[in-house]
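Visitor: I'd like to look closely at one loop of this protein and at what surrounds it. Please take me through it slowly, and then show me how the rest of the molecule fits around that part.

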Amino acid sequence: MTDSWWKKAVVYQIYPRSFADSDGDGMGDLRGIVGHLDYLAELGVDVLWLSPIYPSPQDDNGYDISDYQNIEPLFGDLEVFDELLAGAHARGMKLIMDLVVNHSSDEHQWFAESRSSKDNPKRDWYWWRPARDGMEPGTPGAEPTNWGSVFGGPAWKYDEKTGEYYLHLFSTKQPDLNWENPEVRQAVYAMMRWWLDRGVDGFRMDVINMISKVIGEDGSLRDGRLSAGAAYADGSDSFIGGPRLHEFLQEMHREVFAGREGLLTVGETPGVTVEQARLHTDPERHEVDMVFQFDHVWVDRGPDPWLLMPLQLTNLKAIFGRWQAGLADLGWNSLYWNNHDQPRAVSRYGDDSKQYRVASAKMLGTVLHLHRGTPYIYQGEELGMTNYPFAGIEDFRDIEALGQYRQALDMEGRSPDEVLTVLRARGRDNARTPMQWDGSPHAGFTTGTPWLAVNPNHTEINAAAAQADADSVFHWYRKLIELRHTEPAVVDGDFTMLLPNDERLYAFTRRLGGTELLVIGNFTGEPVVADLDLDGDLILNNLPEAPVDATIAPWQAVVYRRSV
Ligand code: TEU
């Protein structure tokens, strides 16, 4: 029997840096989270996921870890961590950690040893390779492969000390760990067991589908495809869903999770296919409970990364429809609009104007939470927080935005305007502006100077105002969570997509035994007549008036329950 309590659960993601600052240094911390546990309990979420809180040079805001078994001093220490964990548990919430083991920080002791000499016992813990045949080491184009890093520039850094390159799929300060080496894997498993023994309830696994790389017989990595105008190639064929990925995840399961109950594991898997996800989440295969797929957040991304593509609802529905059908009989979906890498959902898929922000945020929440799968809420989503009005590149802090901007301007001949247009709409800092607790000068986030500017709209959009307003997005999310806890059809019902060719309405049913839920969301600012029978009890409606003659008002969301 598998223990799948998480099918009924809602997860809340905290980005500690931006959640709540208790000591006035402008940076969120663990004590700040402790101070808001009652808020999270009021919302009713079941699990908290903390983005990385380990010691880190903060090159990628903690996704570059220099010690896996401690707490970043900016955030607190192990004692406050234990207090936070106990406080969450006392309120009936579980807590999962971010596990970032595709790479470590270059300031991790393991890497310091690895880089020290070619015969150091930890040399092979990372991906060291000589320069390309016949090329002068350290010169442009001499990198072992032509891959670009996600944050701009090549994916290899030349290290003079030993005259070789190391692989970093992300920043130069995030060297990739070599999972081919069993010592690396055992060190990671031991660390994971240490956190579970401390009481944590599972892990969100950062880019876990990149840990296995395609290696030639002679140990070499191969070049990727270079598209026109690009400075570097996309090497992902060689590291997404690599040949030993399933083996590694099954080994991790045996070594870490087997025999422990009540845990949650979710793999972050950019580029994962439905077929791969079925293998990852089939309970019989003992890999992970669920994965984050990326198709719906890449829906508005075209072949040219610096061109904004409009959202086409039929595409979005086709994506979710495919994932719902693909994991219907086996495995399990995770559901999200937002996280710390994505722009704010209401600004992207909804309408963040004064007139429609609240309605469209509620509509988006309703459509997502009524799918089959485990919903994830990213901090501030429950308030309908919006994108930030970035003026120029100097307003951004994210290493990805800064790195990609430089590469696009310096190497690809782009103009600042075209790049900024995309960064404003899609940049990760949109999600990372401080949590808006109240209408005071720094939104109640800090008494000091926030590390990233607070959105000026915090005077209106904030937790205090939302808690006091029965019609707020916050109280709507509370209802959605409660519905999942009380209505079995939300958890286990079969999913059927309706109106797949409609560009304006998102409609589907969930059916369990004799109960059917009909869910309709209007993705436009116009009234739309639904070619559907709207009968049954109207159990959720985000607007004051019920639909008349099947007319769904702008950004309206309705849920009907009926017997079938
Ligand atoms: O993100 C993985 C990932 O695929 C990112 O490239 C993401 O899709 C992109 O930045 C969106 O613009 C994970 C973490 O969530 C991210 O914060 C880290 O920067 C990254 O891994 C490296 O650890």
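Guide: Happy to! One term first: two residues are in contact when they have heavy atoms within 4.5 Å of each other. Please also keep in mind that this is a predicted model.

Let's begin in the loop between β7 and α6, where alanine 233 is found. Apart from its neighbours within four places in sequence, alanine 233 is in contact with Asn146, Trp147, Gly148, Gly224, Arg225 and Leu226. Is alanine 233 buried or exposed? Its relative accessible area is 4%, so alanine 233 is buried. For a sense of scale, lysine 354 is 121 residues from alanine 233 along the chain, and their C-alpha atoms are separated by 43 Å.

Serine 212 also has its place in the loop between β7 (202-205) and α6. With a relative accessible area of 0%, serine 212 is buried. Where does its side chain find a polar partner? A polar atom of the serine 212 side chain lies 2.8 Å from the backbone nitrogen of arginine 244. Arginine 244 is also one of the residues that serine 212 touches, and the others are Ser238, Phe239, Gly242, Pro243, Leu245 and Phe248, leaving out residues up to four places away in sequence. On another side of the picture, the C-alpha atoms of serine 212 and glutamate 180 are 7.5 Å apart, with their positions 32 residues apart along the chain.

From here we can step into the nonpolar interior. In soluble globular proteins, nonpolar side chains tend to be buried together. In this model the largest nonpolar core has 134 residues, and Tyr12, Phe81 and Met192 are those with the most contacts inside it. Methionine 192, for instance, is in contact with Leu99, Phe203, Met205, Met252, Val256 and Phe257, leaving aside neighbours within four places in sequence. There is also a second, separate core of 16 residues, which includes Ala142, Val207, Met210 and Phe239. You met Phe239 a moment ago, as a residue touched by serine 212.

Next comes the ligand. How many residues surround it? There are 18, and the closest are Asp60, Asp206, His340, Asp341 and Glu400. By type, the shell divides into seven nonpolar, three polar and eight charged residues. Three side chains give us distances to look at:

- In arginine 204, a side-chain N or O atom is 3.0 Å from an oxygen atom of the ligand.
- In glutamate 268, the corresponding distance to a ligand oxygen is 3.2 Å.
- In glutamate 400, a side-chain N or O atom is 2.6 Å from a ligand oxygen.

Taken alone, the ligand exposes 500 Å², and the protein buries 91% of that.

Let's return to α6 and go on from its other end. The loop between α6 (245-257) and β8 (264-268) holds glutamate 261. Glutamate 261 has a relative accessible area of 61%, so it is exposed. Although aspartate 3 is 258 residues away from glutamate 261 in sequence, their C-alpha atoms are 7.2 Å apart in space.

Tyrosine 376 offers another long link along the chain. Its place is in strand β11 (residues 374-378), and its C-alpha is 6.0 Å from that of valine 10, which is 366 residues away in sequence. Tyrosine 376 is buried, at 2% relative accessible area. Beyond residues up to four places away in sequence, tyrosine 376 touches a set that includes Val11, Trp49, Leu264, Val266, Met290 and Phe292.

For a companion to serine 212, try serine 18, in the loop between β1 (11-14) and α1 (30-34). At 0% relative accessibility, serine 18 counts as buried. A polar atom of the serine 18 side chain lies 2.7 Å from the backbone oxygen of arginine 432. Among the residues that serine 18 touches are Gln379, Thr433, Phe445 and Trp451.

One last stop concerns the backbone. Most residues other than glycine have a negative phi. Histidine 286, however, has a positive phi near 55°, and its place is in the loop between α7 (274-281) and β9 (290-292). At 41% relative accessible area, histidine 286 is partly exposed. Alanine 550 has a positive phi too, near 60°; it is found in the loop between β16 (537-541) and β17 (551-552) and is buried, at 17%.

Technical notes: Residues numbered from 1 in each chain as written. Predicted model: local features only at pLDDT ≥ 70, side-chain atom pairs only at ≥ 80, totals over all residues. Heavy atoms only, no water. Core = buried A, V, L, I, M, F, W, Y, C linked by side-chain atoms within 4.5 Å. Buried < 20%, exposed > 50% of the residue type's maximum accessible area, 1.4 Å probe, protein only. Near = heavy atom within 4 Å. Polar contact = N/O pair within 3.5 Å; in protein donor to acceptor, adjacent residues only side chain to side chain. Areas by Shrake-Rupley, 256 points an atom, 1.4 Å probe, with all protein chains shown as cover. Nonpolar A, V, L, I, M, F, W, Y, C, P; charged D, E, K, R; others polar. Helix = DSSP H or I, 4+ residues; strand = E, 2+ residues; numbered from the N terminus.
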